[in-house]
Each structure stands twice: as structure tokens, then as C-alpha cells.
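Thanks for coming. I will walk through one structure today, starting from a single residue and working outwards.

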Amino acid sequence: NASSFRTAMSGSDVSESSICYPLLAITHHPVFTAIRRISAEDTVPLRHTVLWPDHPVSYVLLPEDASGFHYGAFLPGISTPVAVISVFVDPLPASEGNTPSGEVARFRKFACDPEYQGKGIGSALLKHAFGSAATEMKCVAIWCDARLSAAGWYERRGMTRFGGLFFKGDIEYVRMKRSLDC
């Protein structure tokens with residue numbers, strides 16, 4: 001209820017523009033995650049430590065970061081995001097034959113602190129990114145380059161594979177997409 005929500009979020013850095021999602025923690029007590037827009041710079045620590053820790057920080061910076069919509073998931077009492085995602089208007093690759101009519105979004109550099117994985121935080125953040133791409137960016141579909149090891153996770157969230165497998169460094173990837181007509 002609203003009273004327990006306010007109590008759970010008291011002392012956290014939640015603004016009126018935050019969207020909060022209830023989650024079940026390991027103890028099965030509800031934990032509320034606030035999701036809000038953040039700066040591109042605020043995404044960098046998690047991008048680096050989770051996705052490419054063996055590369056320099058510059059490896060996780062994107063030339064298009066200034067034009068993206070960046071979101072972070074925050075837990076009560078933690079001032080830095082525990083998960084981040086960046087969303088851009090970016091058409092499907094030219095090789096994709098079924099190009100939707102309308103704008104298409106792409107999410108990149110989606111990272112969740114390993115300590116908080118498996119608790120629904122990444123799922124809530126991805127769902128928020130889908131909604132933002134549809135409503136704020138007016139996109140009809142969204143896609144990403146997914147690590148092959150995570151493809152099943154994305155499929156359980158409504159995404160489908162397209163195109164062939166490819167590598168970034170020594171990590172195998174596949175492209176995933178989803179319609180945003182939801």
C-alpha cells in the first residue's frame with residue numbers, strides 16, 4: 001500500500017518522476033525499486049564493472065550517449081543505481097527484412113550489479129525501457145545485441161532472435177527484437 005511504500009522509500013533518493021516497482025527480496029519481504037532517468041555518466045560504473053571489466057572505461061562509452069535515454073534502478077538506502085540501461089532511436093540493421101513502419105529503438109549497455117541479479121530488478125528496468133521507447137520515444141519496436149548466454153532471459157521477456165550469431169571480442173552475440181504494440 002502507499003503507506004508502506006512511503007516508509008520503504010523514506011531516506012532514498014526517489015523523485016516524483018521515479019516509477020517504483022515492488023519486488024520480492026530473498027526474504028520474501030517486498031522491496032521497492034525506483035526507476036528514473038539518469039545521466040549517461042551515471043551508467044558508466046556499472047557498464048564497466050559488469051559488462052567489460054577487463055577493458056578500459058572508455059570501452060563502455062558510446063558516441064551516441066548524449067542523445068540517449070538512460071535509466072537506473074535504485075533500491076532504498078542505495079544512492080547509486082543497481083541496474084542501468086541506455087535506449088536510443090536506432091533502426092534495425094539493413095539485413096533485417098521485416099522492417100516495421102515507424103521509429104525503432106535500440107537498448108544498449110544493460111547491466112545489473114551481480115549482487116542484485118535474480119530479484120526482478122533487471123526485468124523491471126527492461127519493462128520500463130520498453131514502455132519508455134513506446135511512449136516517450138514513439139517507437140514501434142525495440143532491439144538489442146544480446147550476449148548469447150542471455151538470449152533465453154530476453155526470450156522469456158517477449159523478445160525474439162533475428163540474424164546470425166556474431167562476436168564482440170571473444171563473446172558470442174545474437175540480435176533480439178520485440179514489437180512495442182503492448
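**Starting from Leu126**

Leu126 has a relative accessibility of 1%, so it counts as buried, the cut-off being under 20%. Please keep in mind that this is a predicted model. Leu126 sits in helix H3. What does Leu126 touch, leaving out residues up to four places away in sequence? The list is Ile85, Phe107, Phe110, Trp153, Tyr154 and Arg157. Another residue to find on the screen is Ala83: its C-alpha atom and that of Leu126 are separated by 9.9 Å, with the two positions 43 residues apart along the chain.

Now the helix itself. H3 covers residues 121-135. How does the length of H3 compare with what 1.5 Å a residue predicts? The 15 residues should span 21 Å, and the end C-alpha atoms are 21 Å apart, so the two agree. Besides Leu126, the buried residues of H3 include Ile121, Gly122, Ala124, Leu125, His128, Ala129, Phe130, Ser132 and Ala133. Take Ala133 as a second example. Not counting residues up to four places away in sequence, Ala133 is in touch with Val87, Ala105, Lys138, Cys139, Ile142 and Leu180.

That brings us to the core. In soluble globular proteins, nonpolar side chains tend to be buried together. Here the largest nonpolar core has 32 residues. Which of them touch the most other members? They are Ile85, Val87, Phe107, Ala133, Ile142, Tyr154 and Met176. Two or more residues of this core come from each of strands E3 (69-74) and E4 (83-89), strand E5, helix H3, strand E6, helix H4 (151-155) and strand E8. H3 gives the largest share, seven residues. Apart from this core lies another one, of 11 residues, and Ile38, Leu51, Phe74 and Ala111 are among them.

Next, the strands around E6. E6 runs over residues 139-147, and seven of its nine residues are buried. On one side of the pairing story is E5, residues 103-112, which is parallel to E6 and shares four bridges with it. Within that pairing, Ala105 has Ile142 of E6 as its bridge partner. To get from E5 to E6 the chain passes through H3, and this β-α-β crossover is right-handed. The other pairing is with E8, residues 171-179: it is antiparallel to E6, and seven bridges join the two. Ile142 turns up here as well, opposite Arg178 in E8.

A word on cysteines. How many disulfides does the structure hold? The count is zero. Two cysteines are worth pointing out for their burial. Cys144 has a relative accessible area of 1%, so it is buried. Cys112, at 9% relative accessibility, counts as buried too.

Finally, the whole chain. It has four helices and eight strands. Read from the N terminus, the order is α-β-β-α-β-β-β-α-β-α-β-β. Of the 182 residues, 44% are buried. As for contacts between residues at least 6 apart in sequence, 60% of them join residues at least 24 apart.

To go back to where we began: Leu126 is in H3, and H3 is the helix on the path from E5 to E6. I will stop there and take comments.

Terms used:
Residues are numbered from 1 along each chain as its sequence is written. This is a predicted model: local features need pLDDT of at least 70, side-chain atom pairs count only at pLDDT 80 or more; totals for chains, interfaces and linings use all residues. Side-chain values use heavy atoms; hydrogens and water are left out. Buried means under 20% relative accessible area, exposed over 50%, partly exposed in between (1.4 Å probe, protein chains only). Two strands pair if DSSP finds at least two bridges between them. A crossover is right-handed if, with the strands pointing away from the viewer, the path from the first strand over the helix to the second runs clockwise. A nonpolar core is a set of buried Ala, Val, Leu, Ile, Met, Phe, Trp, Tyr and Cys residues joined through side-chain atoms within 4.5 Å. Contact means heavy atoms within 4.5 Å. The expected span of a helix is 1.5 Å times one less than its number of residues. A disulfide is a pair of cysteine sulfur atoms within 2.5 Å.
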